[in-house]
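Trainee: Please take one part of this model and look at it closely, beginning with the backbone. Then go on from there to the bound ligands and the empty space.

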Amino acid sequence: MWVKAGCRAACYKSRALLSQRMQLRSRLSAYSRGIRRNDFQDLPVDRAMGVKSDQILFDGRLRKRKRIILLTGGCSIATCTMCPFPGESRRGVRSEDLIRQFEGAFEGDCIDNYELITLFCNGNFFSDRELGPQVRAHIFERIGGSQAAILAVESLPQFLSESKIAAARRGLGFKKLAVFMGLQSADDFVREVAINTTCSRLAFERAVAILHANEYLAVAFLMVKPPFLTEAEAIEDAVASLGYLSRLGVTHSTLCPTRVAPGTLLSEMHARGHYQPGWIWSVVEILTRNADTLGSVPMVNTTELKDWINPGSCCARACPDCKESTILAIEKFLFSRDLDVLKSLHCSCYTDYQRQMQQETRRWGSLSVHERVELFLKLIQVIPGGIGLEIV
Ligand code: SF4
Ligand SMILES: [Zn+2]
């Protein structure tokens with residue numbers, strides 16, 4: 001009898017926590033939707049948003065790649081607190097337009113010139129709402145019939161299924177598929193509330209199992225300094241997330257240093273002093289600490305660190321004297337995995353980094369992440385299902 005009462009109390013408590021979590025999420029989503037901008041409505045529907053040819057380090061060596069960013073109707077999730085992509089979309093893009101965008105990327109060029117094709121859609125390649133099965137089938141067949149060896153795409157894991165991967169196999173033949181998935185953090189509260197993504201660990205693990213069973217590559221995106229976390233917590237979060245990937249047998253991951261982009265909830269937090277961009281030194285720290293563990297070998301999306309190619313955004317910090325050289329050192333490390341490259345880095349701004357890390361911990365450390373989210377939502381007075389009404 002007593003055990004039953006105890007179980008019932010625990011059950012009520014966990015239901016109450018879940019409902020609190022859902023409320024926080026719906027208020028964050030409502031605010032994100034209310035502030036979103038879209039300046040892409042005038043773009044031609046049959047032209048990819050970005051096409052570039054270059055060489056990148058991928059799966060252990062330098063490869064010639066074609067990078068294509070398709071212009072789609074946008075991410076069907078569109079809730080993540082830091083993400084500007086839902087605003088970078090266009091209504092009225094049809095499947096035939098997407099196929100034209102893909103083909104147009106090779107105008108005056110040949111797909112056979114590339115070993116790797118990275119195809120991004122600022123959303124989810126495997127979501128039928130974003131990219132129809134006929135578009136995927138066209139792309140798979142084109143890569144399958146070309147000299148290209150690898151297709152890399154991005155998608156949240158819940159959109160992958162055995163049948164969609166079987167369709168990939170049919171079109172791609174022996175070519176390799178790599179799927180980048182936005183896990184962001186292995187911590188459930190950080191991922192589900194602070195980042196407000198719909199990616200669950202269960203869906204991620206299921207997708208990894210499907211990809212591995214087909215000898216395809218599962219790659220996890222991890223955030224460095226998610227919203228609502230202090231610098232010190234963010235380091236621990238990334239190191240713990242890399243450990244989780246190691247245990248899961250996910251050998252490939254990409255650290256994404258958070259960029260404060262306009263039109264996002266994160267930029268509103270930044271404007272109100274509730275978030276400071278992280279430091280590049282934290283990326284160095286995470287790489288150094290992770291070097292001793294076996295398993296996941298993270299790459300770093302260094303593009304997100306470069307203010308000069310992200311106008312209007314605030315990228316992770318270092319002083320002007322060392323920013324470029326520290327980014328270069330990280331890139332050199334990713335090639336060589338020689339820890340001395342990171343250990344030999346020195347700059348006077350490292351003491352500013354440590355001091356600010358302590359200040360941030362003093363300011364926020366007494367509040368739980370849950371309380372910090374509550375505090376911010378109170379500040380902007382978000383009505384569930386409605387838009388934000390600012391009170392300060
Ligand atoms: S991070 Fe991915 S899933 Fe989240 S809103 Fe951006 S594109 Fe969509
Ligand atoms: Zn410096």
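Mentor: Asp59 counts as partly exposed because its relative accessibility is 30%; the model in which this is computed is a predicted one. Asp59 sits in the loop that joins strand E1 (50-58) to strand E2 (61-69). Its phi is positive, at about 50°, although Asp59 is not a glycine. Glu215 likewise has a positive phi, of about 60°, without being a glycine. Its loop runs between helix H6 (201-213) and strand E6 (217-224). Glu215 is classed as exposed because its relative accessible area is 67%, over the 50% limit.

Arg169 is a residue of helix H4 (residues 162-172). At 32% relative accessibility, Arg169 is partly exposed. Its C-alpha atom is separated by 33 Å from that of Ser336, and the two residues are 167 apart along the chain.

Next, the ligands. Around ligand 1 are Cys75, Ile77, Ala78, Thr79, Cys80, Met82, Cys83, Phe85 and Pro86, together with Asn122 and Leu156. Nine residues of this shell are nonpolar and two are polar, with no charged residue present.

Ligand 2 is a zinc ion, held by the SG atoms of Cys319, Cys322, Cys347 and Cys349 at 2.3 Å. The four donor atoms make angles of 101 to 117°, and the site is tetrahedral. Along the chain, the donors of the zinc ion follow the spacing C-x2-C-x24-C-x1-C. Cys319 and Cys322 are both buried. Cys349, one of the donors, has the number at which helix H12 (residues 349-364) begins.

Helix H12 leads on to the empty space. It contributes seven residues to the lining of the second largest pocket, the most of any element. That pocket encloses about 170 Å³. Its lining has 14 residues, and those nearest the centre are Gln276, Gln356, Gln359, Glu360 and Trp364. Five of the lining residues are nonpolar, five are polar and four are charged.

The search of the whole structure also finds two cavities of 30 Å³ or more. The largest has a volume of about 80 Å³. Gln276, Glu360 and Trp364, listed above for the pocket, appear again in the lining of this cavity. The rest of that lining is made by Lys225, Phe228, Leu229, Thr230, Met269, His274, Tyr275 and Arg372. By class, five residues lining the largest cavity are nonpolar, three are polar and three are charged.

The second largest cavity has a volume of about 50 Å³. Lys225, which lines the largest cavity, is also in the lining here. With it are Val224, Glu231, Pro257, Thr258, Gly278, Trp279, Ser282, Val283 and Ala316. The classes in this lining are five nonpolar, three polar and two charged.

Methods
Residues are numbered from 1 along each chain as its sequence is written. Chains are lettered from A and ligands numbered from 1 in the order in which they are written. This is a predicted model: local features need pLDDT of at least 70, side-chain atom pairs count only at pLDDT 80 or more; totals for chains, interfaces and linings use all residues. Side-chain values use heavy atoms; hydrogens and water are left out. Donors are N, O and S atoms within 2.8 Å of the metal (3.2 Å for Na, K and Ca); water is not among the atoms, so sites may look incomplete. Four donors count as tetrahedral if all angles lie between 85 and 135 degrees; four count as square planar and six as octahedral if opposite donors are over 155 degrees apart and all others between 65 and 115; anything else is irregular. Buried means under 20% relative accessible area, exposed over 50%, partly exposed in between (1.4 Å probe, protein chains only). A residue is near a molecule or strand if one of its heavy atoms lies within 4 Å of it. Ala, Val, Leu, Ile, Met, Phe, Trp, Tyr, Cys and Pro count as nonpolar, Asp, Glu, Lys and Arg as charged, and the others, Gly among them, as polar. On a 1 Å grid over the protein atoms alone, a cavity is a set of points where a 1.4 Å probe fits but cannot get out, and a pocket is an open set with protein on both sides within 12 Å along at least five of seven lines; lining residues have an atom within 4 Å of a point. Grid points are joined across faces, edges and corners, and a volume is the space filled by probe spheres set on the points. Helices (H or I, at least four residues) and strands (E, at least two) are DSSP runs, numbered from the N terminus.
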